[in-house]
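Colleague: I would like to learn how to read a model of this kind feature by feature. Could we go through it together, taking the general idea before each case?

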Amino acid sequence: MRQKSIRLSGDKVFDIVNKLLLTLITCIIVFPLWNVVVNSFSSATAVASGKSVFWPAEFSTANYKAVFSDVSIWNAFLISVLKTVIGVVCHVLFCAMVAYGMSKEYLKGRKLYTVMGVITMFFSGGMIPTYLLIKSLGMLDSFAVYIIPALFSYYDMIILMNFFRQVPQSLEESAKIDGAGYWRIFLTIALPLSKPSLATIALFHGVSQWNDFMTAKMYILNEKLYPLQMKLYEIIVQSQMSSMQNPTSVEITTTSRGIQLATIVVTTVPILLIYPLLQKHFVSGMMIGAVKE
Amino acid sequence: MKQKNKEPVGVRMRLWIREFVKQMPLQLMVLPGIVFMIVFNYIPIYGLKIAFQNYTVVDTLDTAKWVGMENFKIILTDKYFWDSVYNTLGISFLKLLFGFVTPIILAVMIYEVKDGIFKKTVQTISYMPHFLSWIVLGGMLISWMSTNGMFNSILKSLGLISEGRNILLDADKYWWIASLSDVWKSMGWGTILYLASMAGIDPTYYEAARIDGAGRVRQVWSITLPLIKTIIGLNFILTVSGLLGSNLDQTLVLMNTQNQPRAEVINSYVYRMGIAQGDFSYASAAGLGVSIVSVILLVIANKLTSKLNEQSVL
């Protein structure tokens, strides 16, 4: 009896310590993010003196006014939205189309296609040959470079193919008897039945399109085509340069730092808006990164 | 099967082609994917031959002069390249050291929480940084590390320092900033796979252990961890094989003229030599060398884990 009570209290201690540590970890994640929001709503002097830690020392929306009055940021926002929406629609439909064909075991040449695909998961030409390819395709400095090279991914194709295999064959058979062809069956039966997996792929591809910065950095020189991430990068680099050239001039660095933080918040808000949607698909999304043939 | 093999090749070919034509709509669905892979995956792989050429702006891949291993020979004596290798290895080692174990510990801790709302909150919050881009996080880090930023404020209020200074300008601290910020960003997300496999553990194991008098820590050590061993092994292989491909986005946003000697990694070096300075052949050679080392690392990691797990994951 006595032993049992000791053990129970031991479990209690474990629970309490565990919860305390988890709370601490959660704070370590939340607090820095909160600090960014706080500073973005602070006046330039408050940011400069480092007074805004938990709460804006001098509340001000000046940073946001500056961000929203900058036409180039609106333009970058528009590019980001366009590249994300168009990119997601094209990527999902393209992958789904290929996946539907590949889901049929009796597809002639399927083995060859599979080998070709698996090789692409392990080998790539790397940065420079890809750059030269994009250049020779004439896609430098064009919007197409955001969409076309991201059309297809063998990983995503495998996920969708596995979902299409679960579509009851009897449904397809009866449609075939009614005279429907492959395309008809794909569009009216297979696609609607695989909505959950399409949504998973769409959400994760959407996040990577929104967050993608390297494509613009590598292939785009025209500022009108900059997405938000690239615009933010420019703002960060510029304010770092000015802060290093004039380490004594607090004014320049801090006004731009406030604007920088406000841009960061603006860039992140769309992700936070779809976050609850994403959450439903976390596990399947993680599997996308972990699948093996 | 045997029957089929006896048929002459010509007949089988004709049958195959007839079938192929019959499923033409299906083939036409797959074809764009195949064309895509040939153009965007296989042509760049073929393009790697540039590493053995002396490619200049006026050349095409076919007219460029072959130089054999010349580029690789130059690499061997290129101090800046080896500096970047050193930095890549250092940062990757720290990332592996902290970033591999943290998600396992965190997943065990979350798994042990029985209170649903608390659990859900911790999970939701810890996944969040994963969805921030490196540019966003880099901007945040620059702000946190700045002279009057969050870190200096905290250190000052704790009385550890009297005067704030920009931590990112300190080259000696860069490895820590790069690796720990990566751990911060990805530790929550890394728990998902472990939590998913822990959800499959039979609860009767724990009951039996409790009856035998095992405490909670003992249960974690003797039941939870051994049962997710395979997933840990798989994750280890994936992490190690990705070690040298360390984050280009992160480096580009955090690197400045002060910390560059310790911040330049292989990828950023390839980027600067190739895209920024136009020395395509040399940069490809550097990139190719790194890919080969990555494959070797993958094989070694697979050998290591298969020894520990008594089965090969790959």
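**Reading the model, step by step**

Modeller: Chain A has a mean pLDDT of 85, with 89% of its residues reaching 70 or more. This is a predicted model, and pLDDT is the predictor's confidence in each residue, on a scale from 0 to 100. Among the elements of chain A, the lowest mean pLDDT, 56, belongs to helix H15 (residues 282-290), whereas the highest, 96, belongs to H7(A). Over residues 289-293 of chain A the pLDDT is below 50, and beyond near neighbours in sequence this stretch has six contacts in the model.

Colleague: What is the mean pLDDT of chain B, and which of its elements have the lowest and highest values?

Modeller: For chain B the mean is 86, and 96% of the residues reach 70 or more. Helix H1 (residues 2-6) of chain B has the lowest mean pLDDT among the elements of that chain, at 54, and H3(B) has the highest, at 94. For the complex, the predictor gives an ipTM of 0.85 and a pTM of 0.85.

Colleague: How many helices and strands are there in each chain?

Modeller: Chain A has 15 helices and zero strands, while chain B has 16 helices and two strands. The radius of gyration of chain B is 26 Å, well over the 20 Å that the globule rule gives for 314 residues, so chain B is more spread out than a compact globule. Its C-alpha atoms fill a box of roughly 80 × 60 × 40 Å along the principal axes.

Colleague: How should I read burial and contact range, and what share of each chain is buried?

Modeller: A residue counts as buried if 20 or more other C-beta atoms lie within 10 Å of its own. By that count, 38% of the 293 residues of chain A are buried, and 36% of the 314 residues of chain B. As for range, among contacts in chain A between residues at least 6 apart in sequence, 71% join residues at least 24 apart; in chain B, residues 24 or more positions apart account for 68% of the contacts with a separation of 6 or more.

Colleague: Into which domains is chain B divided, and how many residues does each give to the contact between them?

Modeller: The division is into domain 1 (2-68) and domain 2 (72-309), whose centres, taken over C-alpha atoms, are separated by 37 Å. Domain 1 of chain B gives seven residues to the contact and domain 2 of chain B gives six. On the domain 1 side, the residues that touch domain 2 are five nonpolar, two polar and no charged.

Colleague: And how many residues does each chain bring to the contact between chains?

Modeller: Chain B brings 69 residues and chain A brings 75. On the side of chain B that touches chain A, the largest share, 15 residues, comes from helix H3 (residues 24-47) of chain B. That side divides into 45 nonpolar, 20 polar and four charged residues.

Colleague: Which residues have the most contacts inside the largest nonpolar core?

Modeller: That core has 103 residues, and those with the most contacts inside it are Cys95(A), Val98(A), Ala99(A), Met157(A), Leu160(A) and Ala286(B). Helix H4 (residues 71-102) of chain A gives the most to this core, with 13 residues. Both domain 1 (2-68) and domain 2 (72-309) of chain B give residues to this core, so it lies between them. Leaving aside residues up to four places away in sequence, Cys95(A) touches Phe152(A), Ser153(A), Asp156(A), Met157(A), Leu160(A) and Ile201(A). Apart from this core lies another, of 13 residues, among them Leu22(A), Ile25(A), Leu193(B) and Ile232(B).

Colleague: Turning to single residues, is Asp141(A) buried or exposed, and where is its place?

Modeller: The cut-off for an exposed residue is 12 or fewer other C-beta atoms within 10 Å; Asp141(A) is exposed because it has 12. Its place is in the loop between helix H6 (127-136) and helix H7 (144-147) of chain A, and Asp141(A) has a positive phi of about 60° although it is not a glycine.

Colleague: How many residues of helix H9 of chain A are buried?

Modeller: The count is zero among the nine residues of helix H9 (residues 169-177) of chain A, which is hardly covered. H9(A) is followed by Gly179(A), whose phi is positive, near 95°.

Conventions: Residues are numbered from 1 along each chain as its sequence is written. Chains are lettered from A and ligands numbered from 1 in the order in which they are written. This is a predicted model: local features need pLDDT of at least 70, side-chain atom pairs count only at pLDDT 80 or more; totals for chains, interfaces and linings use all residues. Two residues are in contact if their C-beta atoms, placed from the backbone, lie within 7 Å. Helices (H or I, at least four residues) and strands (E, at least two) are DSSP runs, numbered from the N terminus. Ala, Val, Leu, Ile, Met, Phe, Trp, Tyr, Cys and Pro count as nonpolar, Asp, Glu, Lys and Arg as charged, and the others, Gly among them, as polar. The radius of gyration is taken over C-alpha atoms; the globule rule is 2.2 Å times the number of residues to the power 0.38. Domain bounds come from an automatic or database domain assignment. A nonpolar core is a set of buried Ala, Val, Leu, Ile, Met, Phe, Trp, Tyr and Cys residues joined through C-beta atoms within 7 Å.
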